[in-house]
Amino acid sequence: MSETITAISTAPGEAGIGIVRVSGQSSKEIMKRVMTNFPEELKPRHAYLGRVTDGKEIIDEAIFIYMESPSSYTGEDMLEIQAHGSNVALKKILRAVLDCGAPGIRMAEPGEFTKLAFLNGKMDLSQAESVIDIIKAKTDLSLEIAESQIEGRLGNAIREMRSNLLDILSQMAVNIDYPDEDIEQVLNDDFSNQIRWVLSDVEELLDTTSIGRIAREGIKIAIVGKPNVGKSSLMNALLGEGRVIVTDIPGTTRDTVEESASLGGVPIVLIDTAGIRETEDKVEKIGIERTEQAIASSDMVMLVLDKSSSLEDEDQRIIKYIEKMDGERVLVVLNKSDLGSSVDEENIRRKIPGVTVISTSLVGKKALESARKVSEAVGKMFGLGEIKPSESNIITNERHTKMLKNASMNLNDAINLLQDGESIEIAELSVHYAYDALGKIIGEEVGEEILNQVFSKFCLGK
Ligand code: GDP
């Protein structure tokens, strides 16, 4: 008799309902034992109102749903007991299920229901991983990407690449011992070309990883500038546009403030380096140090300058530091444009090539419009407008990235070997490695170790 697993599948805490889930051959037997009014003729996928008992007392009233293999999430027989969302009641129900005497029953491991779904062929590994991504999605965009992945689009793209590689591999196998050297070179060129096609598909996916990371983690923005230029005003204006969460994240540099806002479904984490001035002497050192730290840990910098007065030493010092950065990741905000214009914009552009410079006025009527301008500039810098998860695959998972890089490296190796006139036999090995690496994304070639690693990220009951 195989094992039957159970867990509380809903989050702890008070809620309208809470669910205990069971998967395995004993599901029906368990329902019989813990339900006071087990129906004479049990219809799968029907909701039955009943009472849960541990044999001694009634624990709660609940809806019982029995699902028969293979028409269930895991592909096995399953039972769902939907009771009231009380921690105590749910734990008692779980206990009753575990102690009811049905054969092979035990507590589920985190992610085990989804692992079963994968092992029983209900979904490929990339789809199973998107279940975690959906549960853990913190942004609209990452949810959208995960939803598109659970439909299996990434898996389909990977399967197509693998099928092309398999095609190449079988042609290679036939031609491995070709005796004629001239023909061999023609063949090598032909194989290189075919491999190049697959490689370009792999690279297209790899190109989406930076946008994938942004969708997952958001954009971290350091707002820097000397006091009184309008950093807090800028932060408030941006937060006012789409405030989602406000957090003081512990462990970050003291006196810096981190807050999150949403920009087209992508979170932006703003680090304001305000409040760093304490005493006159220590000031500059501490100030610059904190600013440097904020810059180093961010995806981009917003340097706020007072447009109405000429640049001072402190501005110059910060600019000097930022000059080292990639200008594509720097937005200079010339604030207080309502008070005049004393800053040489061209000079800034010269110092930080590639920089985006915009003028703002963050008080009064212009504040909203200015905030929108800043948001748009950030969106443009990161190509946010171009992300369309419903139309193309976006790689958000680091394991997938690793496997794609592995495939890309091996396909490149194969091409180079063939171009160098090496034997097809040697190149074939590289193509094979690439084929295996892609397979790992969908779970075709994975060992127990990878599976455990993937599913350990799940919560209990999923
Ligand atoms: P921070 O020290 O850099 O955070 O600067 P604040 O945001 O606290 O702003 C300093 C002062 O400048 C406040 O009195 C703001 O009202 C004012 N201020 C901010 N932005 C503008 C602006 O665009 N125009 C004008 N005239 N005043 C501004």
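**From a helix pair to the ligand shell**

Begin by selecting residues 112-119, which form helix 3, together with residues 448-455, which form helix 16, and you will see two helices whose axes come within 10 Å of each other and cross at roughly 135°. Because angles that are neither roughly parallel, roughly antiparallel nor roughly perpendicular count as oblique, helix 3 is oblique to helix 16. If you turn the view so that one helix lies over the other, the crossing of helix 3 and helix 16 is right-handed. Please keep in mind throughout the tour that this is a predicted model.

Next, select the ligand and display the residues around it, of which there are 15, the closest being Asn228, Lys231, Ser232, Ser233 and Leu362. Colouring this shell by residue class gives 5 nonpolar, 6 polar and 4 charged residues. Which helix gives the most to the shell around the ligand? Highlight residues 231-242 to find it: this is helix 9, with 3 residues in the shell.

Now look at individual polar contacts, starting with the nitrogen atoms of the ligand. Show the side chain of asparagine 335, where an N or O atom lies 3.0 Å from a ligand nitrogen, and then the side chain of aspartate 338, which places a polar atom 2.8 Å from a nitrogen atom of the ligand. For an oxygen atom of the ligand, switch on the backbone of leucine 362, where a polar atom is found at 2.7 Å. Finally, draw the surface of the protein over the ligand: of the 580 Å² of accessible area that the ligand has on its own, the protein covers 73%.

Conventions
Residues are numbered from 1 along each chain as its sequence is written. This is a predicted model: local features need pLDDT of at least 70, side-chain atom pairs count only at pLDDT 80 or more; totals for chains, interfaces and linings use all residues. Side-chain values use heavy atoms; hydrogens and water are left out. A residue is near a molecule or strand if one of its heavy atoms lies within 4 Å of it. A polar contact is a pair of N or O atoms within 3.5 Å; within protein, one must be able to donate a hydrogen and the other to accept it, and residues adjacent in sequence count only if both atoms are side-chain atoms. Accessible areas come from the Shrake-Rupley method with a 1.4 Å probe; for residues, only the protein chains shown count as cover. Helices (H or I, at least four residues) and strands (E, at least two) are DSSP runs, numbered from the N terminus. Ala, Val, Leu, Ile, Met, Phe, Trp, Tyr, Cys and Pro count as nonpolar, Asp, Glu, Lys and Arg as charged, and the others, Gly among them, as polar. Axes are lines fitted to C-alpha atoms, for helices over the stretch in contact, and angles run from 0 to 180 degrees between N-to-C directions. Angles under 35 degrees count as roughly parallel, over 145 as roughly antiparallel, 65 to 115 as roughly perpendicular and the rest as oblique. A crossing is left-handed if the near helix is turned anticlockwise from the far one by less than a right angle, and right-handed if clockwise.
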